[in-house]
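Please open the model in your viewer and keep the selection tool at hand. The tour below goes from one selection to the next and says what is found at each stop.

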Amino acid sequence: MLCHMIVRWRAVREAARGPVVTHGLIAGCAVVFVLGPASGLDPSYGTGEELLSAGTAYFRRWGVVPDELFTGTPRAWLTPLTALFVHGSWLHLLGNMLFLYVFGAMAEERMGRPAFLAFYLCTGYLAMAAYAAANAGSPQTLVGASGAISAVLGAFLFLLPRARVTSLFPFLFFLPLRFPAWIVLLFWFALQWVAAQRAGSGPGVAYLAHLVGFSLGFLYAWARYRGTTRVSRPATATEGDSQP
């Protein structure tokens, strides 16, 4: 009885503090971006060609370079983790953080903080590594939290498939419409699949990392939480040109 009361008390305290891990990840990504050259806010990186050169060096240091990842050096093997906190532009950062803010909070509440953090980092790392393995000869740098956030979407699909999601679709003049999460997320996955078939090996969006991350997230949630009660509750999100 006493143990049960302690567990409930801890659960109430955690709920009162909100999605601390999600907010911490967003804050971490924001701080890293603001301090990096891509934000354009730090004058020490210079301007013009000097800033572009600094940005290229910065991304190669902290991002995943596929043709260097499997060289066996400890630094290279750390980059799928560090790359999760590096973004290439304001739009890249804001789009990813919007998805993480909306879907991450509810996934964190369902999984618990330590489990959610481990899930986020591990699936993000594996999504990055999978993309690098599929493009092993590419010198193009991969950065961003896309793979990890895609995993959050995949887990959300299994855990909260009937949650109502408010979506904005550009081809419908950004008219806000509410759909069950399973419709929105499966539609998003289909878009990533189609885009991945058309994508080349050059610079651009790493759709394969999205697909791998989403699949890993769904499979993890299915393996870990199948047989437990899934929850249906409201949520809001923006779906459009900004891809995680």
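Begin by selecting Tyr 58, which has its place in helix H3 (residues 48-62), where helices (H or I, at least four residues) and strands (E, at least two) are DSSP runs numbered from the N terminus. What you have open is a predicted model, in which local features need pLDDT of at least 70 and side-chain atom pairs count only at pLDDT 80 or more, while totals for chains, interfaces and linings use all residues. Residues are numbered from 1 along each chain as its sequence is written, and side-chain values use heavy atoms, with hydrogens and water left out.

Is Tyr 58 buried or exposed? Tyr 58 is buried, with a relative accessible area of 17%; buried means under 20% relative accessible area, exposed over 50%, and partly exposed in between, with a 1.4 Å probe and protein chains only. Now add Val 32, Gly 36, Pro 37, Tyr 45 and Val 86 to the selection, since Tyr 58 is in contact with them when its neighbours within four places in sequence are left aside, contact meaning heavy atoms within 4.5 Å. Of the pair Tyr 58 and Gly 36, the C-alpha atoms are 7.7 Å apart in space, and the two residues are 22 residues apart in sequence.

Next, select Cys 29, which lies in helix H2 and is buried, with a relative accessible area of 0%. Apart from its neighbours within four places in sequence, Cys 29 is in contact with Leu 84, Phe 85, His 87, Leu 93 and Met 97. Measuring from C-alpha to C-alpha in the viewer, look also at Gly 144, which is 115 residues from Cys 29 in sequence and 9.0 Å from Cys 29 in space.

Then turn to pairs of helices. Two packed helices are described by the angle between their axes and the distance between the axes. Here the axes are lines fitted to C-alpha atoms, for helices over the stretch in contact, and angles run from 0 to 180 degrees between N-to-C directions.

Show helix H2 (residues 20-35) together with H7: they pack at an angle of about 40 degrees, with their axes 9 Å apart. H2 and H7 are therefore oblique to each other, given that angles under 35 degrees count as roughly parallel, over 145 as roughly antiparallel, 65 to 115 as roughly perpendicular and the rest as oblique. The contact joins Val 20, Val 21, Thr 22 and Leu 25 of H2 to Arg 113, Phe 116, Leu 117 and Tyr 120 of H7.

Keep H7 (residues 113-134) and add helix H6 (residues 90-111), whose axis comes within 7 Å of that of H7 and crosses it at roughly 130 degrees. On the H6 side you can select Leu 100, Gly 104, Ala 107, Glu 108 and Met 111, which meet Arg 113, Ala 115, Phe 116, Phe 119 and Tyr 120 in H7.

Finally, select H6 with helix H8 (residues 146-159), which pack at an angle of about 40 degrees with their axes 9 Å apart. That makes H6 oblique to H8. Among the residues of H6 that meet H8 are His 92, Asn 96 and Phe 103, and the residues in H8 include Ile 149, Leu 153 and Phe 156.

To end, display the whole protein chain, which has ten helices and three strands, and in which buried residues make up 40% of the 244 residues.
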